[in-house]
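Trainee: Please take one part of this structure and go through it closely, then show me how it sits in the rest. I would like one connected account rather than a list.

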Number of protein chains: 2
Amino acid sequence: MSQSSTISVCIIGLGSMGMGAALSCINAGLSTYGVDLNPAALTSLRQAGAIDAQSDASAFAAKLDAVLLLVVNAMQVKQILFGERGLAAQLPAGTAVMVSSTISAQDAQSIAQQLEHYQLIMLDAPVSGGAVKAAAGEMTVMASGSTLAFEKLKPVLDAIASQVYCIGETIGLGSTVKIIHQLLAGVHIAAGAEAMAMAARAGIPLDTMYDVVTHAAGNSWMFENRMRHVIDGDYSPKSTVDIFVKDLGLVSDTAKSLNFPLPLASTALTMFTSASNAGLGEQDDSAVIKIFSGIALPEKQESH
Amino acid sequence: MSQSSTISVCIIGLGSMGMGAALSCINAGLSTYGVDLNPAALTSLRQAGAIDAQSDASAFAAKLDAVLLLVVNAMQVKQILFGERGLAAQLPAGTAVMVSSTISAQDAQSIAQQLEHYQLIMLDAPVSGGAVKAAAGEMTVMASGSTLAFEKLKPVLDAIASQVYCIGETIGLGSTVKIIHQLLAGVHIAAGAEAMAMAARAGIPLDTMYDVVTHAAGNSWMFENRMRHVIDGDYSPKSTVDIFVKDLGLVSDTAKSLNFPLPLASTALTMFTSASNAGLGEQDDSAVIKIFSGIALPEKQESH
């Protein structure tokens, strides 16, 4: 094994993406640690071959060469790194911290500055691809940071990603690319919902409408993936309405800081916010279709 | 050759889609006629093997088993069929008329009723796929009409389409499916423009942004196709801004008749209308990105 395969990495946040990344690190032969508040995730990761998995990284922080943060938002990232018993103070100088949560460019820059005080190196490295790709070590990473940060994290990037985009050296560019990506993802889900709701209203069979669109120029990755949930009447969450309330909120914040108008994304944010306000926040993001009244949507076929 | 390959069909409207359809009919061995106001298109079709091609179908109307209309809008369809020297009065009873222009469900129904007076059979059959697929005989057809209409037009459908969706028997359903498809197509182009404009504003290299999106869940068919034109700075029209002003106008009219709100499509219509109002109507539809100020977009590399 090359030296690069022997580094020690801790994945913090073992949700669907983080767990996939952690398993990919184990599969790549890295010394892998995990942190989460959910005991089931910790047990599962230990059984899969992690060296250790705890609700807190204190026990093994001193051994780490790299940290990968895949928690929900910037507040959690800051809390973990700089809060009470903050990890930043426990990591060896020179440890590389890969921040892969979807956060604003401003938050990415402020986190990088704080890490610098501890002589820690940050990669601003949001990810995309969903749970299936994460589990296969085939995430897409859109990253910005120093050459040193990319070099130090190369074994981790090799383990978890099939595609790594180097956007530039400036911290914040990676986050901005992810946010603009989320603009498209969110608008496409909301547009898919609008189109399928109109089809329902017009008496078009939804499976026919789905079939036409997915074989024609009106298709999008999100339409094909999410409108399948609508046809199945299955709103069990893969990714929730509230995640797009958050992500399109970041899109909106970023546009505001650029003094830039976003006619469609602001409308899509209103649609997801309406859905959340109607009590659908924890459902699959395709449940944004339920903001339209006066239509009959397919119901889930229960197995008996 | 089977009997079905010997029917006589006239394609009216020899633009990029109509010409592709006409050539596909010739390739399939159908007795093919063409009508257009552009003499160059008529010469080109005759050279490709059409039996005749004229600015008016009067000379061969009595020989036709089928007519395929691929003109710009409902007004042209009505003018050709029912205007001065209207074709409907010249066609043999029982001729099948396939209306493939993008029109409203209401127009489709009114055209079908008028055709009935002449004992002509209508298929409400909008198409999708673009010029390349049309030339290859691989259009997508979304059609509604009687079983008889589908049967009579089978040789034509076989010649021009790789996929034929039978939406139902009711005239208007085919048009509605196409209109809902155009809702998605138009919103996706406008969303792509919004995202790329924001990337330009944020200092993200547009080719990198394009590369990330086209390899991730934010992709759409339209993003991948149209934002390439933006990166190339090439707004020579494949399909124009004004076509989406028209098509999203049909989306809006249809929604109004259904008393149904369309938050995103109405916003996209405003964006294309703004572009048209700014003098960009005849440019490629990707030129909708030019409604955003304060950004530098790529310019076309001139060959020397």
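**One helix pair and its surroundings**

Mentor: In chain A of this predicted model, helix 11 (residues 241–257) and helix 12 (residues 263–280) pack at an angle of about 145°, with their axes 9 Å apart. The two helices cross in a left-handed sense. On the helix 11 side of chain A, the contact is made by V241(A), D242(A), F244(A), V245(A), L248(A), G249(A), V251(A) and S252(A). Facing them from helix 12 of chain A are A265(A), S266(A), A268(A), L269(A), F272(A), T273(A), A275(A), S276(A) and L280(A). Sorted by class, this contact between helix 11 and helix 12 of chain A holds 11 nonpolar, 5 polar and 1 charged residues.

Another pair in chain A can be set beside it. Helix 3 (residues 74–82) and helix 4 (residues 105–117) of chain A have axes 11 Å apart and pack at about 5°. Helix 3 and helix 4 of chain A are therefore roughly parallel to each other. From helix 3 of chain A come A74(A), V77(A), K78(A), L81(A) and F82(A), which meet D107(A), I111(A) and Q114(A) of helix 4 of chain A. The class count for this contact of helix 3 with helix 4 in chain A is 5 nonpolar, 1 polar and 2 charged residues.

Now step back to the whole chain. Chain A has 12 helices and 9 strands. Its radius of gyration is 20 Å, close to the 19 Å that the globule rule gives for 304 residues, so chain A is as compact as a globular protein of that length. Along the principal axes, the C-alpha atoms of chain A fill a box of roughly 65 × 50 × 35 Å.

Helix 12 also matters for the next topic, the contact between the chains. That contact draws 51 residues from chain B and 51 residues from chain A. On the chain B side, at least two residues each come from strand 8 (139–144), strand 9 (161–168), helix 8, helix 9 (206–214), helix 10 (221–232) and helix 12 (263–280). Helix 8 of chain B gives the most to this side, with 18 residues. The residues of chain B that touch chain A divide into 34 nonpolar, 14 polar and 3 charged.

One helix pair from this contact can be followed across the chains. The axes of helix 9 (residues 206–214) of chain A and helix 8 (residues 173–202) of chain B come within 10 Å and cross at roughly 55°. Helix 9 of chain A and helix 8 of chain B are therefore oblique to each other, and the crossing is right-handed. M209(A), V212(A) and V213(A) of helix 9 in chain A meet V177(B), I180(B), H181(B) and L184(B) of helix 8 in chain B. By class, this contact of helix 9 of chain A with helix 8 of chain B has 6 nonpolar, 1 polar and no charged residues.

Last comes the relation between the copies. Chain B is superposed on chain A by a rotation of 180° with 0.0 Å of shift along its axis, at an RMSD of 0.0 Å. The two copies are thus related as by a two-fold rotation axis. The same surface serves both copies, as 100% of the contact residues of chain B recur in chain A. Among the residues of chain B, S220(B) comes closest to the rotation axis, with its C-alpha at 1.9 Å.

How values were computed:
Residues are numbered from 1 along each chain as its sequence is written. Chains are lettered from A and ligands numbered from 1 in the order in which they are written. This is a predicted model: local features need pLDDT of at least 70, side-chain atom pairs count only at pLDDT 80 or more; totals for chains, interfaces and linings use all residues. Axes are lines fitted to C-alpha atoms, for helices over the stretch in contact, and angles run from 0 to 180 degrees between N-to-C directions. Helices (H or I, at least four residues) and strands (E, at least two) are DSSP runs, numbered from the N terminus. Angles under 35 degrees count as roughly parallel, over 145 as roughly antiparallel, 65 to 115 as roughly perpendicular and the rest as oblique. A crossing is left-handed if the near helix is turned anticlockwise from the far one by less than a right angle, and right-handed if clockwise. Two residues are in contact if their C-beta atoms, placed from the backbone, lie within 7 Å. Ala, Val, Leu, Ile, Met, Phe, Trp, Tyr, Cys and Pro count as nonpolar, Asp, Glu, Lys and Arg as charged, and the others, Gly among them, as polar. Copies are superposed by least squares on the C-alpha atoms of residues with pLDDT of at least 70 in both. The radius of gyration is taken over C-alpha atoms; the globule rule is 2.2 Å times the number of residues to the power 0.38.
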